[in-house]
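Take a walk through this model by way of its charged side chains. Begin with one linked group, then widen the view.

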Amino acid sequence: MKPFFSVLIPVCNQVGLMDDCIASLKNQTFNDFEVIMVDDGSTDDSYKMLCDFAKEDSRIRVLQHEVNKSLLAARFTAMEKAEGQYVFFLDSDDFIENDSFEKLHEYLAKNSVDAVRFGYVIEPQINKVLPVACDDPLLGFLTQQFPPAIWKNCFKLEVVKTAISKYKSFYCNMGEDSFMSTLLFTHVKNWGVLNEYLYHYNTGVGMSAKKTMAPEKFKKGLESVVASGKGLLEIIKNEKSDYYEIAKNAVNMMKLFMFSQALSGEEELPNYVKLINVVGELGLEEDFANLCNFNLADRVYTKYRVRERFAPDISVIIPLYNAKDFICHTVDSALNQTKKEIEIILVDDCSTDGSADFCEEHYKDEKRVRIVRQKKNGGPGIARNTGVKLARGKYVAFLDSDDQYLPTYLQELFNCAEEYDADIVHSTGCLMPAVDDVPVDLLTIPEESLAWISLDHPAEPYTKTFVLDWDKEKLFEEWTKHSIHWAIWNKLYRKDFLIKNNIEFGKMKFAEDHHFVFTCLFNEPKYVVLPGAGYIYRILENSISRGAKNIQFLLKTLRAEFEGAEAMIKTMKDIPFFAEDKMRANRAVAYLQDGIEFGYLRTTFWEIGTEEIKNNKEVFELFEEFFGNQAAYMFTMFIEAHEFRQPAGEAELKKFNSPSFMKKLVDANRIKSLKTHNEEMN
């Protein structure tokens, strides 16, 4: 008759370390089990010791690898020979409670499950750990809700056999728990949880006892972790593809563990350069630098200055949505900067024109380009938030998917940021096409046909670089006078400044840049104004943002105004300058709303017409969403405020979005061209 449990124990050079393990098996109150012990090429007397155990207890079988193959290989060998209904993993230096199998058997007899999780005790500290509440253990493991150790679970044999049949040729000698957890967890359909402490995990020996790793061992371990990570991702891709992006993060954490093991004790690792060379030999510089997004790695970077060695200076973040016609010219303008130490993060916001696939194929051999896919469309601001979180650079720059840089633009911003130790560098202008037909590649436009536009409107033009040291009162007054423009793309931001102050884009799809820059400006950055322009802003005869004069566009614009106001109010609660003066806070919100009104809402309202808007159910429902029982009053006020108001500035806005009109202004010397501006500066 086949046993109820198969206990699998891999062994390598464990003489003198197995007494507690064997004793805990001999003392079990439930005896229907077999023990399969696999000696993995031990060079001490471990194999002889195992054979002696087997002579004393007929339930013990001993197998042997003539040479060391790895802990994982030993477990695979044991799993292939197992005959019990359930498989129990036990490490040779650990032990279990005397009634562990009795409690497990009692639970499994009452519950038909593929696997059961149970509690454990960490020795010698005697820390007790119960199973984390988790409906999906695979997801829990991949998101680091609990460690990946395989011994905290008991699996049905048929699940184990099915799983290993597909991957039994896989090899790694470290990171095997992560691989095994992924392999088995993907095949378990239903889980049980037994809130009992059954297992004692000994941290006094093995990897857990080591504080640091010498470079030679670090190299072998890292090679194995890389292999384990590849295997893990292959399993997820084949068995649970929805979890692939999460799994990539889990693999990064595995590598982080290895890096931290090697770097945790400086006094024990005098030859740090040798360690860095290991990372280079294995081609893992990017992975190493990538881990600066995690707190532990941040400390490693600070201590060992690895960020400066491997991470780019600037992360250029490009939100991508249906821009297949322009995106290559946009990305290439960044790749071809005189500043080469950059990365480009393309965040696809659920494009429907194949933009992401196109970019993945086009830039598959360009290591500086990374492509990230959002799971759902959230707008450019949310896409930029994703980019900032993934950014490895010291600084962050934003580039729209249809715009381009002049070749020296990022170098100029970077030099200024480094010279002044700036949190933000603000370029005062931008370039706009002044031609009859705008080419796809903006860099093919001659200098004399690029209009040099000053975005800022101070009382006196900015003519030299300076640190913005106005007090908050003056800063706010100048902000409302448009002396500092709120575009996000004419600036370079220190990433640490954004992270420290929790500065993110709101969910609105218009005016997200206004709110973002406002939040930056009033969080006391070292803010440097750099006169100049190197950003080419694409304008078309039919403005993309202002060309859709219909109810749907009106709804988007209204939602942006309401969400923008909410975001501003939330931000100002944490800024005493505004929190202590309600009138000032109201002015700040009104300034954002006026921009949306002037640029979008008034014109849209005028072109649709009062009656159609009054009778539109969707518009009123939007007011209900934001204003609740005050919706009717606010809707009436909105209609009355716009019904007889001409769309102020519409003619000027249309001209501003007309390259041919820009051409007339340049030809008439009403606006400088880039060529004229450069000649004057020189």
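R75, D91 and D177 are linked in a network of salt bridges. The model is a predicted one, and every value below is computed from it. Within the network, look at the pair D91 and R75. Their closest N and O atoms are 2.8 Å apart. R75 belongs to helix 3, which covers residues 71-81. D91 sits in the loop that runs between strand 4 (86-89) and strand 5 (95-96). The two residues are 16 positions apart in sequence, so their salt bridge ties a helix to a loop.

Is this pair buried or exposed? The cut-off for buried is under 20% relative accessible area. D91 has 14% relative accessibility, so D91 counts as buried. R75 has 1%, so R75 is buried too.

Now move along the chain to R370 and E343. They also form a salt bridge, with 3.1 Å between the closest N and O atoms. Both residues are buried. What does this pair tie together? R370 lies in strand 12, residues 369-373. E343 lies in strand 11, residues 342-348. The pair therefore joins two strands through residues 27 positions apart in sequence.

A third salt bridge offers another setting. K364 pairs with E361, and the closest N and O atoms are 2.9 Å apart. Here the accessibility values fall outside the buried class. K364 reaches 54% relative accessibility, which means it counts as exposed, the cut-off being over 50%. E361 has 49%, so E361 counts as partly exposed.

Step back to the whole structure. How many salt bridges does it hold? The total is 33, and the three pairs described here are among them.

The secondary structure of the protein comprises 29 helices and 21 strands. Helix 3 is one of the helices, and it carries R75. Strands 11 and 12 carry E343 and R370.

The chain has 682 residues, and 54% of them count as buried. D91 and R75 belong to that class, as do R370 and E343. About 31500 Å² of the protein is exposed. Carbon and sulfur atoms supply 49% of that area.

Finally, consider contacts across the sequence. Take those with a separation of 6 or more. Of these, 81% join residues 24 or more positions apart. The salt bridge between R370 and E343 spans 27 positions, while the one between D91 and R75 spans 16.

Conventions
Residues are numbered from 1 along each chain as its sequence is written. This is a predicted model: local features need pLDDT of at least 70, side-chain atom pairs count only at pLDDT 80 or more; totals for chains, interfaces and linings use all residues. Side-chain values use heavy atoms; hydrogens and water are left out. Helices (H or I, at least four residues) and strands (E, at least two) are DSSP runs, numbered from the N terminus. Buried means under 20% relative accessible area, exposed over 50%, partly exposed in between (1.4 Å probe, protein chains only). Contact means heavy atoms within 4.5 Å. Accessible areas come from the Shrake-Rupley method with a 1.4 Å probe; for residues, only the protein chains shown count as cover. A salt bridge is a side-chain nitrogen of Lys or Arg within 4 Å of a carboxyl oxygen of Asp or Glu.
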